[in-house]
Amino acid sequence: RTAEQTKKKEREKIVSDCLTLKKSNCKNCYKCIRHCPVKSIRFSGNQAYIIGNECILCGQCFVVCPQDAKQIVDETEKVKVLMQGEEPVIVSLAPSFVANYEGVGIGSMRAALKKLGFFDVEETAVGATIVKKEYEKMLAEGTRSIIISSCCHSVNLLIQKYFPDCLPYLAGVLSPMQAHCRDIKRRYKDAKTVFVGPCVAKKDEAQYYEGYVDAVLTFDELTAWMKAEGVDPAKEKDSDEHSRARFFPTTGGILKTLENPSPEYTYMAIDGTENCIAALKDIEDGKIHNCFIEMSACAGSCVGGPVMEKFHRSPVKDFVAVSKFAGDKDFEVEMPDSLSIQKEFTAIERRNQPPTENEIREILHQMGKTKPSDELNCGSCGYNTCREKAIAIYQGKAEVSMCLPYLKDKAENFSDTISRNTPNGLIVLNEKLEVQQINKAALKILNIRYASDILGDQVVRVLDPGDFVTVLSTGKDIHNKRVYLAEYEKYVEQTVVYDKEYRLLLAIMRDVTEQEAQREKKENISRQTVEIADKVVDRQMRIVQDIASLLGETAAETKIALTKLKESINDE
């Protein structure tokens, strides 16, 4: 059991390593989760993380990310290391290359890649021929009610992780990439194989199923390498009538290659992960029988792969390019023993457990969804329904704050609560000085009965617009300016702020009439006190002067008397 758990951890690690995230670029836009067909992305700390044991590597997050935060792991250096060895390194080139490199045939690609140092280049369509012949054997045997093609690794992961009951219907055959690389290694002793194509899932397939493919490059990685080395494939188209398997990368391409298909089966081609999911649900419900189903996760099949779609989405043009390049006969291949190209698919367990109904309801309440009508199912968070979002929150994949209506209501309620309860008057004007919002405190200050009496009208009706015009023209805010509103007999401390981003003026008025009255009262008392004090001082000064005058007269008389007495004594 320990070995099995280790294998599962390795499986999850491989899936996670194929797609990585540049954290600094993630802007918390939720576009990746909106486009992820299996919602295998979690958000934490305003960052997106790919959940390895849930991801099917369809690459849609890579395609739609506006910040290029999702990256496919580049194996160019790994291939260069392989080429340093003595073993020949041979490329298995996906047939969709003809759509990616316009006007270039296999001969031109072979010549170009040999300049990079590869020993040789072959078409993966050779492996596709082996696979389609094995499918024909299975159809001829007629022992299966339903056969689902296993060429698309993303579809295989989808079934392994989300529809394990459909595993018996999945064709246990190697993919064209694996079958071709196996054939190359049979023909070239000790050869190393490198697959080049438009798919990120092939990197995971190559790493998990060891022994077939040594490295995988995307067309984008190959193009960057050729550009760095100054290699430009010649615009030369070639043809080969033995190349019917080149149809494989198009929707219905497998069906086009089948010879003498058994009439016991109905044949259908399904592309796009959502369509595949719908078909698999029908299979699980027992609604489909006696069918051969070609499934592709990408819309348009491999020519609509993530690397193709990211850089030059052109489904009609790409299909035409492949169609013109394909022949009408099969490649001549040496068919291996059926047992040697069998492939085993096992269910891949996902960890998340579903919450109970009460737990879902509790989370919905946290999101402000207290009744069914509150569940808008707007999808802005990336989930199809509010219940799906609640389940994701329970499983630690999402946060309550990811709900746009919830945040909007919360912000508005919070803003309204502040506006409604603040004692300060608030008035919002547009650049035409028209009143856009006004709170109750402002209505009271301006003696306005209803907000509707002033909303949409010029502020000049109720206030002197001078300060607003000044702020609007200079861009400099006014803070705590004391203004007397003569019409209302009120004093206010007025702050006027201009929001350039939203082009709005915000006026905050604090009623200081009572404070002003108290200040004037104190000033009057102080003035009266000073007047009284001045009167007291004047009166005291007069008294002092009178006393001084009397004392002065008495002193003079005494001096005269004493002088006369002294003289009399001296005379004696």
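**View 1. Salt bridge between R461 and D457 in the predicted model.** D457 is partly exposed, with a relative accessible area of 28%. The structure shown here and in the following views is a predicted model. The partner of D457 is R461, and the closest N and O atoms of this salt bridge are 2.4 Å apart. R461 has a relative accessible area of 48% and is therefore also classed as partly exposed, since that class ends at 50%.

**View 2. Salt bridge within helix α4.** Helix α4 spans residues 76-83 and contains both E77 and K80. These two residues are 3 positions apart, which corresponds to about one turn of the helix. Their side chains meet in a salt bridge with an N to O distance of 3.7 Å. E77 is exposed, because its relative accessible area of 54% is over the 50% cut-off. K80, at 27% relative accessibility, counts as partly exposed.

**View 3. Salt bridge between K317 and E102.** The closest N and O atoms of K317 and E102 lie 3.3 Å apart in a salt bridge. This pair links distant parts of the chain, the two residues being 215 residues apart. K317 belongs to helix α15, whereas E102 sits in the loop between α5 (97-100) and α6. The relative accessible area of K317 is 47%, so K317 is partly exposed.

**View 4. Nonpolar surface patch with a contribution from helix α15.** V316, F319 and V320 make a nonpolar surface patch of about 250 Å². V316 is located in helix α15, which covers residues 315-325. With a relative accessible area of 64%, V316 is exposed. Patch residues must have over 30% relative accessible area, and V316 therefore passes this cut-off with its value of 64%.

**View 5. Network of salt bridges.** Which residues are linked in a network of salt bridges? The network consists of K132, K133, E136, R244, E259 and D330. For the model, the count comes to 28 salt bridges, with the pairs R461 and D457, E77 and K80, and K317 and E102 among them.

**View 6. Crossing of helices α6 and α11.** Two packed helices are described by the angle between their axes and the distance between the axes. Helix α6 comprises residues 106-116 and helix α11 residues 219-229. Their axes come within 10 Å and cross at roughly 65°. This angle makes α6 roughly perpendicular to α11, because that class starts at 65 degrees. The crossing in which α6 passes α11 is left-handed.

**View 7. Packing of helices α8 and α13.** At what angle do helix α8 (residues 153-162) and helix α13 (residues 273-284) pack? The angle is about 45°, and the axes are 11 Å apart. The two helices are therefore oblique to each other. Their crossing is right-handed.

**View 8. T513 in helix α21.** Helix α21 runs over residues 513-571 and includes T513. T513 counts as partly exposed, with 22% relative accessibility; the cut-off for a buried residue is under 20%, so T513 does not fall in that class. Along the chain, T513 and E493 are 20 residues apart, and their C-alpha atoms are separated by 9.5 Å.

Conventions: Residues are numbered from 1 along each chain as its sequence is written. This is a predicted model: local features need pLDDT of at least 70, side-chain atom pairs count only at pLDDT 80 or more; totals for chains, interfaces and linings use all residues. Side-chain values use heavy atoms; hydrogens and water are left out. Patches are made of residues with over 30% relative accessible area and no salt bridge: like charges are joined within 9 Å, nonpolar side chains (Val, Leu, Ile, Met, Phe, Trp, Tyr) within 5 Å. Accessible areas come from the Shrake-Rupley method with a 1.4 Å probe; for residues, only the protein chains shown count as cover. A salt bridge is a side-chain nitrogen of Lys or Arg within 4 Å of a carboxyl oxygen of Asp or Glu. Helices (H or I, at least four residues) and strands (E, at least two) are DSSP runs, numbered from the N terminus. Buried means under 20% relative accessible area, exposed over 50%, partly exposed in between (1.4 Å probe, protein chains only). Axes are lines fitted to C-alpha atoms, for helices over the stretch in contact, and angles run from 0 to 180 degrees between N-to-C directions. Angles under 35 degrees count as roughly parallel, over 145 as roughly antiparallel, 65 to 115 as roughly perpendicular and the rest as oblique. A crossing is left-handed if the near helix is turned anticlockwise from the far one by less than a right angle, and right-handed if clockwise.
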